[in-house]
Amino acid sequence: MANNVNEVSKENWILSTFPEWGTYLNEEIEETVVEAGTVSMWWLGCTGIWLKSHEGTNILCDLWCGTGKRTHGDGTMKKGHQMMRMSGVQKMQPNLRTQPFVIDPFEIKNVSALVVTHIHSDHLDINTAAAVHQNCPDAKFVGPKEVVNTWLKWGIPEEKTIIVKPGDEVKIKDVNIVALEAFDRTALVTCEDPNEVLKGKMPQDMDEIAVNYLFETSGGNIYHAGDSHYSNMFAKHGNEHKIDVCLGAYGENPRGITDKVTSVDMLRMAESLNAKVVIPVHYDIWANFMADPKEITEIWKFKKDRLKYDFKPYIWQVGGKFTYPTNKDDLEFNFYRGFDDVFTVENDTPFTSFL
């Protein structure tokens, strides 16, 4: 830390401030011992999670270390962007990043696998890939075909990659990862060539660009829906697999846009999957898609007795820890508030009236 204003520069300000949480969360995750019969997760922002099993296996999913808009530019949408294709917009999308970076990717240790749901850049991140590749030489890179092709283009060795499609299973130490169908219609209209016209053509093969995942652990099974929209196929997944916790990409869709799962469909997803807990994610990250997750809780309260819901919502905070089944009935996360050792040593104020 500089002690003189003449020593301060933009560069050392960035290095001394960013990431905003430093290694605080890295240290917490590394030091956490997951009890037998449980599984722990930390929310890293967007749909990024860190999963840690009782056996000590660490799996990173969809960690994104990038930014949204950083300038107004010329005020127009990039030609060929999926939002432009989807709705015919021309004005720039005001998707500012609204969350701090709660983890330092370049201090990541002991990750056994980086798992990515789909091709979009707020899930498939070169910084995360570089950090895992450099720090965790034995880590596997698991994703659908086009995700793996991107990793290869970035320099990840082919022998470290595993291509998955729906129905495939990958064993990472004690954790079994099941790839399942994704339902991300936004991904289907994503095309790198801005001059290519998609109208009237057959769509891409979803299985090559996106999958959902079920992480089967000794402490419970976690279903990660990536950026999937609501689908009746969730019920099929719920019939075929035991699902304890499901995570879905929740958000408030702007007019004329359907890109995130709404509150009602978050509840439908949980019911269809036969989950015990539903956790909304993704609503935190984009300024133009922000939503209040407590809407889910209020609608759940309104419906739960009549519809006999067998699940509960859980409202998380970025950087927070969730342990299943320990926290399955909590409904809401709150950070440790500290000061539980108050007055364990003599306080030092001029008079007690200060208190």
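Colleague: Which residues does I156 touch, leaving out those up to four places away in sequence?

Modeller: In this predicted model, I156 touches A129, H133, F141, W151 and T161. I156 is found in the loop between α5 (145–154) and β6.

Colleague: How many residues apart along the chain are I156 and A129, and what separates their C-alpha atoms?

Modeller: They are 27 residues apart along the chain, and their C-alpha atoms are separated by 7.8 Å.

Colleague: Is I156 buried or exposed?

Modeller: Buried means under 20% relative accessible area. I156 has 6%, so it counts as buried.

Colleague: F141 was one of those contacts. Which residue is its bridge partner?

Modeller: Start with the general idea. Strands of a sheet pair through backbone hydrogen bonds, either parallel or antiparallel. Here F141 in β5 is the bridge partner of L114. Strand β4 (residues 113–115) and strand β5 (residues 140–143) run parallel, and three bridges join them.

Colleague: In what order do the strands of the open sheet come?

Modeller: The order is β6-β5-β4-β3-β2-β1-β14, seven strands with mixed pairing. At the edges are β6 (161–163) and β14 (321–324), each of which pairs on one side only. On average, neighbouring strands of this sheet are turned by 20° against each other, direction ignored.

Colleague: Which strands does helix α2 lie across?

Modeller: Helix α2 (residues 24–31) lies across β1 (39–45), β2 (48–53), β3 (58–61) and β14. The helix runs at about 170° to β1.

Colleague: How do I read the side chains along strand β7?

Modeller: In a regular strand the side chains alternate between the two faces of the sheet. Strand β7 (residues 169–172) shows this alternation: V170 and I172 point to one face and are buried. E169 and K171 point to the other face and are not buried.

Colleague: What stands opposite V170 in β8?

Modeller: I177 does. Strand β8 (residues 175–181) runs antiparallel to β7, and four bridges join the two. Together β7 and β8 form a hairpin with two residues between them. In the turn, K173 has a positive phi of about 55°.

Colleague: How many disulfides does a search of the whole structure find?

Modeller: Zero. To count as a disulfide, two cysteine sulfur atoms must be within 2.5 Å. For C61, the nearest cysteine sulfur is that of C46, 11 Å away. For C136, the nearest is that of C65, 13 Å away.

Colleague: Are C61 and C136 buried or exposed?

Modeller: C61 is buried, with a relative accessible area of 1%. C136 also counts as buried, at 4% relative accessibility.

Note on methods
Residues are numbered from 1 along each chain as its sequence is written. This is a predicted model: local features need pLDDT of at least 70, side-chain atom pairs count only at pLDDT 80 or more; totals for chains, interfaces and linings use all residues. Side-chain values use heavy atoms; hydrogens and water are left out. Buried means under 20% relative accessible area, exposed over 50%, partly exposed in between (1.4 Å probe, protein chains only). Two strands pair if DSSP finds at least two bridges between them. Axes are lines fitted to C-alpha atoms, for helices over the stretch in contact, and angles run from 0 to 180 degrees between N-to-C directions. Contact means heavy atoms within 4.5 Å.
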